[in-house]
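Trainee: Please take one close look at the surroundings of the ligand. Then carry on to the aromatic rings.

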Amino acid sequence: MRAFDYHRPTTLKEAVSLLRKVEKAKPLAGGQSLIPSLKLRLSDVGALVDLGAIEEMRGIKLEGGTLIVGALARHSEVAGSKDAAVSIPTLARLADGIGDRQVRNLGTIGGALAHNDPAADYPAAVLGLGATVNTNKRAIAADKFFTGPFETALKPGEIVTSVSFPLPKRSAYVKFRQPASRFALVGVFVSESMGGVRVAITGASNCVFRAKNMEKRLAEKFAPEAIAKVKIAPEDLNSDMHASAEYRAHLITVLAQRAVEAAIAGK
Ligand SMILES: Cc1cc2nc3c(=O)[nH]c(=O)nc-3n(C[C@H](O)[C@H](O)[C@H](O)COP(=O)(O)OP(=O)(O)OC[C@H]3O[C@@H](n4cnc5c(N)ncnc54)[C@H](O)[C@@H]3O)c2cc1C
């Protein structure tokens, strides 16, 4: 790995300008994904633009019917946020279940979304709640944000500034952990709101996706038995040393029923 520069701007404007001017510059947030990938020589950067001192990208607030989470909110901050606990408790619980204490104390929601690991938890919440990802340039609907494994709709140099979550009537997230990493072998996020029912699956495929066949059944009847026989075709799912595609398909139906049960019980 060659040497690279390090910048720590204090405003968003300055960060955007650095990313535009410096060749192969990359934003750095919690460093929980980017630093290991640099160490393993999987990434090559010209400069790191550390976003950590940009105050305007911090904070978690409830505004009307929307929970706005700053891109620099650490997983532990979302887990401990009173506003998140009263408005979308599922989101606080999901954040509390990410990785280990160190990862939660450093990792940020903006970094997790920009990284878009196929087994990450936040993409399921963002897609499962129909949230909007705000950047320095535009607002991107969740349905358009996640475009592939480790790929998003972000353009080079575009910075995630916050995420706007509409408040659901009820929701739940159930994850079957990969025991070593604690990433999702399969994770299912279910929500019911004025806009309808959403079911988002992470960990099972190469990118988070919506189970529209389950959403249809749950819109008719929001009950676990409504989806007991709904299957996701294993052909499109991951098969690896941890679980076969058939096992992941089975898990999706089981976990989705548990998520609906938990949403009804308010757990
Ligand atoms: C041991 C371990 C266990 C983990 N377990 C889990 C788990 O169970 N579930 C889970 O979901 N995740 C897990 N993670 C990942 C963790 O949540 C990371 O925090 C997250 O993936 C990246 O966030 P970060 O803030 O550290 O971003 P960084 O590592 O700093 O950056 C990641 C990428 O996003 C870009 N980026 C960062 N911020 C922005 C921004 N605001 N705008 C645009 N681009 C940006 C960077 O340039 C980089 O490409 C784990 C990580 C580790 C190391």
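Mentor: Start with a term. A polar contact is a pair of N or O atoms within 3.5 Å; within protein, one must be able to donate a hydrogen and the other to accept it, and residues adjacent in sequence count only if both atoms are side-chain atoms. This is a predicted model: local features need pLDDT of at least 70, side-chain atom pairs count only at pLDDT 80 or more, and totals for chains, interfaces and linings use all residues. Numbering runs from 1 along each chain as its sequence is written, and side-chain values use heavy atoms, without hydrogens or water.

Take the backbone first. An N or O atom in the backbone of Ala-29 sits 2.8 Å from a ligand oxygen. Gly-99 also uses a backbone N or O atom, 3.0 Å from an oxygen of the ligand. Asp-121 works through its side chain: an N or O atom there is 2.7 Å from a ligand nitrogen.

Now the cover. On its own, the ligand has 970 Å² of accessible area (Shrake-Rupley method, 1.4 Å probe). The protein covers 90% of that. Two elements give two or more residues to the shell: strand E2 (25-28) and helix H7 (109-115). Both are DSSP runs, of at least four residues for helices (H or I) and at least two for strands (E), numbered from the N terminus. H7 gives the most, five residues.

Which residues come nearest? There are 31 around the ligand, each with a heavy atom within 4 Å of it. Pro-27, Leu-34, Thr-108, Asp-121 and Arg-182 come nearest. By type, the shell has 14 nonpolar, twelve polar and five charged residues.

Next, the rings. A pair of aromatic rings is described by the distance of the centres and the angle of the planes. The structure holds three aromatic pairs (Phe, Tyr or six-membered Trp rings, centres within 6.5 Å; planes under 30 degrees apart are stacked, over 60 edge-to-face, the rest tilted). Phe-145 and Phe-146 are edge-to-face, 5.0 Å between centres and 85° between planes. Phe-145 is buried at 0% relative accessible area (buried is under 20%, exposed over 50%, partly exposed in between; 1.4 Å probe, protein chains only). Phe-146 counts as buried too, at 10%.

Phe-176 and Tyr-247 have centres 6.4 Å apart and planes at 85°, so this pair is edge-to-face. Phe-176 lies in strand E11 (170-177) and Tyr-247 in helix H11 (245-265), so the pair ties together parts 71 residues apart in sequence. Phe-176 is partly exposed at 30%. Tyr-247 is partly exposed at 36%.

Note on methods
Ala, Val, Leu, Ile, Met, Phe, Trp, Tyr, Cys and Pro count as nonpolar, Asp, Glu, Lys and Arg as charged, and the others, Gly among them, as polar.
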